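Below are some comments on the model you sent round. They are set out as numbered points and can be checked against the coordinates one by one.

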Amino acid sequence: MSREITLEPTVMIEELMYWIHQNEMGADCIDPSNRFFPLYLELQKLKDKLDNDKHDLYVSVDRDEVGA
C-alpha cells in the first residue's frame, strides 16, 4: 500500500490524531484516562490554532482587498 507523503502541518496532525485514535484509544471513543489523551488533546488544540490562523489570514487579506 503506497501513500502520498504530505508535509502540510495540519494534514500531519490529522494523520497522527487518527492513528492515535484508531490504534491506541480503541477507535470507539476518546478515553480521558488513556495515556495518549493529553497528546491527542494538545494536537487538537494545535490543529485548531493553525486552522484559525489560516482563517484569520484569509479574512485579513479579504478585508484589505475590499477596502482598496
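The points below go from the whole chain to single residues.

1. Status and overall make-up. The model is predicted. Its secondary structure consists of two helices and zero strands. Of the 68 residues in the protein chain, 16% are buried. The exposed surface comes to about 5700 Å², and carbon and sulfur atoms supply 57% of that area. Among contacts with a separation of 6 or more, 39% are between residues 24 or more positions apart.

2. Geometry of helix α1. This helix covers residues 9-23. With 15 residues at 1.5 Å a residue, α1 should span 21 Å, and its end C-alpha atoms are indeed 21 Å apart, so the expected and modelled lengths agree.

3. The buried face of α1. Which residues of α1 are buried? They are T10, I13, M17, I20 and H21. Viewed down the axis of α1, these buried residues fall within an arc of 95°, so they line one face of the helix. The general background is that an α-helix has 3.6 residues a turn, so residues three or four places apart point the same way.

4. The nonpolar core. The largest nonpolar core has seven residues: I13, M17, I20, M25, F36, Y40 and L43. Both helices take part, since α1 and α2 each supply at least two residues of this core. The largest share, three residues, comes from α1. As a general remark, nonpolar side chains tend to be buried together in soluble globular proteins. One core member, L43, touches I13, L16, M17 and I20 when residues up to four places away in sequence are not counted.

5. M17. This residue is in helix α1. M17 has a relative accessible area of 6%, which is under 20%, so it counts as buried. With neighbours within four places in sequence left aside, M17 is in contact with Y40, L43, Q44 and K47. The C-alpha atoms of M17 and L41 are separated by 9.1 Å, although the two residues are 24 apart along the chain.

6. T10. Another buried residue of helix α1 is T10, with a relative accessible area of 9%. Its contacts, not counting residues up to four places away in sequence, are with L50, D51 and K54.

7. K47. Is this lysine buried or exposed? K47 is found in helix α2, which covers residues 37-67. K47 is buried, with a relative accessible area of 14%. Its side chain is joined to that of E14 by a polar contact of 3.5 Å. Apart from neighbours within four places in sequence, K47 is in contact with I13, E14 and M17. The contact with M17 also appears in the list for M17 in point 5.

8. N34 and the loop. N34 lies in the loop between α1 and α2. At 15% relative accessibility, N34 counts as buried. A polar atom of the N34 side chain lies 2.7 Å from the backbone nitrogen of F36, and F36 belongs to the nonpolar core of point 4. Leaving aside neighbours within four places in sequence, N34 is in contact with E24 and M25. The C-alpha atoms of N34 and E24, ten residues apart along the chain, are separated by 8.1 Å.

9. Y18. Not every residue of α1 under discussion is covered: Y18 lies in helix α1 and, at 53% relative accessibility, counts as exposed. Exposed here means over 50%, so Y18 meets that cut-off. The C-alpha atoms of Y18 and Y40 are 9.4 Å apart, with their positions 22 residues apart along the chain counted as separation.

10. Q22. Also in helix α1, Q22 is partly exposed, with a relative accessible area of 33%. The side chain of Q22 makes a polar contact of 3.4 Å with the side chain of H21. H21 is itself one of the buried residues of α1.

Notes: Residues are numbered from 1 along each chain as its sequence is written. This is a predicted model: local features need pLDDT of at least 70, side-chain atom pairs count only at pLDDT 80 or more; totals for chains, interfaces and linings use all residues. Side-chain values use heavy atoms; hydrogens and water are left out. Helices (H or I, at least four residues) and strands (E, at least two) are DSSP runs, numbered from the N terminus. The expected span of a helix is 1.5 Å times one less than its number of residues. Buried means under 20% relative accessible area, exposed over 50%, partly exposed in between (1.4 Å probe, protein chains only). The arc is that of the directions from the helix axis to the C-beta atoms. A polar contact is a pair of N or O atoms within 3.5 Å; within protein, one must be able to donate a hydrogen and the other to accept it, and residues adjacent in sequence count only if both atoms are side-chain atoms. Contact means heavy atoms within 4.5 Å. Accessible areas come from the Shrake-Rupley method with a 1.4 Å probe; for residues, only the protein chains shown count as cover. A nonpolar core is a set of buried Ala, Val, Leu, Ile, Met, Phe, Trp, Tyr and Cys residues joined through side-chain atoms within 4.5 Å.
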